[in-house]
Amino acid sequence: MGNLTPELAAFRDETRDLAKSYGLDFYEVIFELVDYDELNMIASYGGFPTRYPHWRFGMEYEQLSKSYAYGLSKIYELVINNDPCYAYLMRSNALTEQKLVMAHVYGHCDFFKNNAWFSHTSRKMMDVMANHGARIRRYMDRHGQERVEDFIDLVHSLDNLIDPYSPYFDRGTSRRRSARQGEEAAQREVKKIAAKDYMDRYINPPEFLARERARIEREEQQSRQFPARPERDVLKFLLDYAPLETWEQDVLAMLREEAYYFAPQGMTKIMNEGWAVFWHSLLMTRHLCDATEIVNYCDTHSGTLGTSPGQLNPYKLGVELFRDIEQRWNTGKFGLEYQSCDDPEVRKHWHKPTNEGRAKIFEVRRIYNDITFVDEFVTPEFAEAQKMFVYGQDPSTGEIVIVDRDYRVVKTQLLEALTNHGNPIIKVVDANHRNRGELYLVHQWVKGDLQLDEAMLTLKGLYQMWKRPVHIETVQDGKGRLLSFDGEEATTTEVTSSHPVTGRVGVAVGKEAGEDEG
């Protein structure tokens, strides 16, 4: 059960029992006391000290160590989604801080176990990471550390090109069709209902037959394309079809598995932190803090929730939303009757006790992610109370002022930032572009242009994997653009309405992409 002192072990048991009494459900939690440099080391490895060696982890350790030494930041807690859960406490923290961290950790562990978006994650990830580390070390011994590390760098540069929703439902698989399947498809004809010659044009109208032939031709054209449907999990596509060596395939598979393990944490950051803060604040103020500790607790707690205009603090937004949901469902501020009320004063003073708030927040914790959480529960009243406005700088005074009070504008901006963790959505639409084996991808434009320098770096990384020219179609400044890299030169050309690729994201006027590419 870790290396806690008897005093901390007693507080751990008390906190655990209190958390369970409120309905929290979690795996066993093992707390470890570590020094600040050990905690920085563990944090630099993403919480898994047995991971493979890589220069990035050393760089992050240096950054964390200097930030702590200069007083710029401090890691209060680190908890790992595992069964059992592992949590690390900094030895130098005050007793009040240790209590707060323990209560916070139990909130996280309940969320890890019960939120639907974590349901597919491995609960033995400590063992999985250790296994990955051992295998990668063997590859380094066999093929050279620099070569393996370079390939890991390459995968890291592409590890956001996954489909975070794919573990929850089957999108189907992209397979090359056989020659026999091609022959069968070519022989498909429109089925007609048997009829006498003089009745045929009425039983089988020519217009219907023409529509059916057009549909079959479209399906046949799509089936000839590879992949048959756009593939969002680019790493999986590369794993299946890129010309990689066996050890490269294994490393790519391991890092892709790790990317999917961490994905739900990005999808639920606001909820997860808000849920943990909700419970640590409740347990600390009602049970764990005595009179001598309350000021120290409030100082630490307020630092966690501190925010400023124009900035998002996931701890603050998450806990305030959970508190608002509980209060609304306790006082009946939900349902058709409340939603139909147009009088602001009546809505403000609405009070029809139902006491369903606690059950509601547990339901929300179970099935929502950040996007659905914000989309459903950020109301005009909540936005007003939390001062969720659009801020900007006054050009005459230089001060930060409110530019727009329409909560829908802020909500839309927040949802756009949360979509795909703020990363662009890229899909493979053609792996045999122009019948040359070139890889053609499409950026699903969502009110945000690609950063061209980073897009070109991504193209170069994909080229290293695919070994053939790579293209990404996108929208830049309102015009369709095709970014290409052929191994030597990166080019940008316009995309027009006559562009032949299925899945275009935009249309622009001007010369066609093919004119510059021969």
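These are my notebook entries on aromatic pairs, burial and cavities in a predicted model.

**Ground rules.** Since I am working from a prediction, I kept local features only at pLDDT of at least 70 and side-chain atom pairs only at pLDDT 80 or more, while totals for chains, interfaces and linings use all residues. I number residues from 1 along each chain as its sequence is written, and my side-chain values use heavy atoms, with hydrogens and water left out.

**Overall.** I looked up the secondary structure and found 22 helices and ten strands, taken as DSSP runs numbered from the N terminus, with helices being H or I of at least four residues and strands E of at least two. Of the 518 residues, 46% are buried, where buried means under 20% relative accessible area, exposed over 50% and partly exposed in between, with a 1.4 Å probe and protein chains only. I also noted that, among contacts (heavy atoms within 4.5 Å) with a separation of 6 or more, 69% join residues 24 or more positions apart.

**Aromatic pairs.** I searched the whole structure and recorded 32 aromatic pairs, a pair being rings of Phe, Tyr or Trp (its six-membered ring) with centres within 6.5 Å; planes under 30 degrees apart count as stacked, over 60 as edge-to-face and the rest as tilted. I then took up Phe 322 and Phe 373, whose ring centres are 5.0 Å apart with planes at 40 degrees, so I entered the pair as tilted. Phe 322 belongs to helix H14 (residues 314–330) and Phe 373 to helix H18 (residues 370–377), so this pair ties together parts 51 residues apart in sequence. Both Phe 322 and Phe 373 are buried. For Trp 329 and Phe 334 I noted centres 4.8 Å apart and planes at 5 degrees, so that pair is stacked. Trp 329 counts as buried at 11% relative accessibility, whereas Phe 334, at 24%, is partly exposed. I found these four residues in a cluster linked by ring pairs, which also includes Tyr 22, Trp 275 and Phe 278.

**A charge over a ring.** I found Arg 347 over the face of Tyr 338, at 4.3 Å from the ring centre; the rule asks for NZ of Lys or CZ of Arg within 6 Å of the ring centre and within 35 degrees of the ring normal.
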